[in-house]
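Colleague: Could we take a close look at a single part of this chain, going through one helix and its surroundings with some care? I would like one connected account rather than a list.

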Amino acid sequence: MRHKLNLIDLHKFAGFFIGEGYCYYNAKQNAIRVTVAQVEHEPLLWIQERLGGKIQGPYSYAKAYKSKNPKQVPYRYWTHHGPAAAGILMTLFSLVRDMSPKRAKQIGDALKSWKVAPLSKMAAKRLKTCGLV
C-alpha cells in the first residue's frame, strides 16, 4: 500500500538521498534515474511505499568490485526513472542545495540533460494523447 508523502517524510528522504543516493541521465536509454543504495532492506521499503519505484538486488560487493573481503554484506537499491524520477529530483533540489552542493549539482546536471533530450516515441504519443503537444 502506498503511503501519502508528507513534508516530514520528504525531509527524511532528502537526508537519506544526500548520504546514499545518486541520480543521472542515461542518454542511451533516454531516461533520467534516481537511485538509493543500501545494505538494509527496510529503509528502501519505506522509500518505495512513499515514492513508488522498484527495489533491486541483493547484489554482492565481492562480485561487483572483485573484492575478496568476506565481511562485505549484500546491498540492494531503490530506483525510479522517467518523468516520476524528474519530479522527485525537482522536489529534492530545493531541499538539498544548501546542505550538499555536490548533490544539488548532480541533480541539476541530470535534469538539464533530461530536459533537452528528444522525447521517445512512446512519451511523445502519451503527451499527444493527453493534448500536451
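What follows is a request about one helix and a single long answer to it.

Colleague: Which residues of H5 are buried, which are exposed on the other side, and what do the buried ones pack against?

Modeller: Please keep in mind throughout that this is a predicted model. To place the helix first, the secondary structure of the protein chain comes to six helices and four strands, which run α-β-β-α-β-α-β-α-α-α from the N terminus on. Of the 133 residues, 29% count as buried, and residues 24 or more positions apart account for 60% of the contacts with a separation of 6 or more.

H5 itself has 16 residues and reaches 23 Å from its first C-alpha to its last, which is close to the 22 Å expected at 1.5 Å a residue. Its buried residues are Arg103, Ala104, Ile107, Gly108, Ala110 and Leu111. Seen down the axis of H5, these buried residues fall within an arc of 165 degrees, so they line one face of the helix. An α-helix has 3.6 residues a turn, so residues three or four places apart point the same way. On the other side of H5, the exposed residues are Pro101, Lys102, Lys105, Lys112 and Val116.

As for what covers the buried face, the buried residues of H5 pack against helix H1 (7-20), strand E1 (21-26), strand E2 (31-38) and helix H4 (83-96). One side-chain arrangement adds detail here: the charged end of Arg103 sits over the ring of Phe17, 5.6 Å from its centre. Phe17 in turn belongs to a cluster in which ring pairs link Phe13, Phe17 and Trp78.

Pro101 lies in H5, which covers residues 101-116, and Pro101 counts as exposed because its relative accessible area is 58%, over the 50% cut-off. The C-alpha atoms of Pro101 and Ile18 are separated by 9.9 Å, although the two residues are 83 apart along the chain.

Since the ring of Phe17 has come up, the other aromatic rings deserve a word. The count comes to five aromatic pairs. Among them, Tyr22 and Tyr24 form a stacked pair, with 6.0 Å from centre to centre and 15 degrees between the planes. Tyr22 counts as partly exposed at 34% relative accessibility, and Tyr24 is likewise partly exposed, at 31%. Another pair, Tyr59 with Tyr75, is tilted, with 5.8 Å from centre to centre and 45 degrees between the planes. Tyr59 lies in strand E3 (residues 54-59) and Tyr75 in strand E4 (residues 75-81), so this pair ties together parts that are 16 residues apart in sequence. Tyr59 is partly exposed, with a relative accessible area of 35%, whereas Tyr75 counts as buried because its relative accessibility is 14%, under the 20% cut-off.

Two backbone details away from the helix complete the account. The peptide bond from Gly57 to Pro58 is cis, with omega near 10 degrees, and Pro58 has its place in strand E3. Asn30, in the loop between E1 and E2, has a phi near 50 degrees, a positive value in a residue other than glycine, and Asn30 is partly exposed, with a relative accessible area of 26%.

Notes:
Residues are numbered from 1 along each chain as its sequence is written. This is a predicted model: local features need pLDDT of at least 70, side-chain atom pairs count only at pLDDT 80 or more; totals for chains, interfaces and linings use all residues. Side-chain values use heavy atoms; hydrogens and water are left out. Helices (H or I, at least four residues) and strands (E, at least two) are DSSP runs, numbered from the N terminus. Buried means under 20% relative accessible area, exposed over 50%, partly exposed in between (1.4 Å probe, protein chains only). Rings of Phe, Tyr and Trp (its six-membered ring) pair if their centres lie within 6.5 Å; planes under 30 degrees apart count as stacked, over 60 as edge-to-face and the rest as tilted. A charge sits over a ring if NZ of Lys or CZ of Arg is within 6 Å of the ring centre and within 35 degrees of the ring normal. The expected span of a helix is 1.5 Å times one less than its number of residues. The arc is that of the directions from the helix axis to the C-beta atoms. Contact means heavy atoms within 4.5 Å.
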